[in-house]
Amino acid sequence: MVYGQRRDGETWRSFSENHDVVAHEMVHGVTDYTARLEYENESGAMNESYSEIFGILISNLGKALGAFDWELGERLFPGGRALRDLSDPTRFSQPKHMRDFVITTRDHGGVHTNSGIHNFAAFKVMTATDSSGSFVFTQKECAAIFYLTLTQRLSRTSQFTESRIGAVASAQSLFRNDPAATRTKKIQAVGRGFSAPG
């Protein structure tokens, strides 16, 4: 894989120095051999989003969810500007709600733009808290929900709605042996996360 470089003063910086960018590109390979999400319109935006979700999960490996860096590709551009922010996609001209979905013929139907909507849903799932303010999921559980959804519950033309249905089904499967109250809390947290962006 070739990531390229940019000049930073008198030196060159590799775009591969950010683990989230490297993971992002590798997860495109996972998608190509599992869900095979068509790279156009909503399915293409999900293709981008799943790479961004795992880019964030992998680059924050071992950190507590409360300490996550939700920016993708930070430090790669002058001034430390990032490419995306899952916690606030609007910072980089991405919508975070379905009412703002961009209809365009550019960029395969806006795959790099509309991925912000699905990214924000993932952010809300991963940062869900219970009544005591504790995170509902661990980092490993977040990864399991989205990995199972991507690899087992989506197909080429799946839309955001199918991702929600798949994520809820994944949670039902993954947490089936948890106490009933815990299982319900986790399944509802996934649903609420996907409801946030409409």
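Start by selecting helix H4, residues 139–152, together with helix H5, residues 160–174. In this predicted model, the axes of H4 and H5 come within 8 Å and cross at roughly 120°. An angle that is neither under 35 degrees, nor over 145, nor from 65 to 115 counts as oblique, so H4 is oblique to H5. Turn the view until one helix lies over the other: the crossing of H4 and H5 is right-handed.

Now show the side chains where these two helices touch. On H4, pick Ala144, Ile145, Leu148 and Thr149; on H5, pick Ser163, Gly166, Ala167, Ser170 and Leu174. Colour them by class and you will find five nonpolar and four polar residues in the contact of H4 with H5, with no charged ones.

Next, move to helix H1 (residues 19–33) and helix H2 (residues 41–59). Their axes are 7 Å apart, and the helices pack at an angle of about 135°, which makes H1 oblique to H2. Here too you can check the handedness: H1 passes H2 in a right-handed crossing.

For the H1 side of this contact, select His19, Asp20, Ala23, His24, Val27, His28 and Thr31. The residues they meet in H2 include Asn47, Glu48, Tyr50, Phe54, Ile56 and Ser59. What classes make up the contact of H1 with H2? It has six nonpolar, eight polar and three charged residues.

The last stop is the largest pocket, which holds about 160 Å³ of space. Return to H5 and add helix H3 (107–126): each of these helices supplies at least two residues of the pocket's lining. To see the lining, select Glu42, Met98, Ile117, His118, Ala121, Phe160, Thr161, Arg164, Phe194, Pro197 and Gly198. Coloured by class, the lining of the largest pocket divides into six nonpolar, three polar and two charged residues.

Technical notes. Residues numbered from 1 in each chain as written. Predicted model: local features only at pLDDT ≥ 70, side-chain atom pairs only at ≥ 80, totals over all residues. Heavy atoms only, no water. 1 Å grid on protein atoms, 1.4 Å probe; cavity = no way out; pocket = protein on both sides within 12 Å on 5 of 7 lines; lining within 4 Å. Points joined across faces, edges and corners; volume = space filled by probe spheres on them. Helix = DSSP H or I, 4+ residues; strand = E, 2+ residues; numbered from the N terminus. Nonpolar A, V, L, I, M, F, W, Y, C, P; charged D, E, K, R; others polar. Axes fitted to C-alpha atoms, helices over the stretch in contact; angles between N-to-C directions. Left-handed = near helix turned anticlockwise from the far one by under 90°. Contact = heavy atoms within 4.5 Å.
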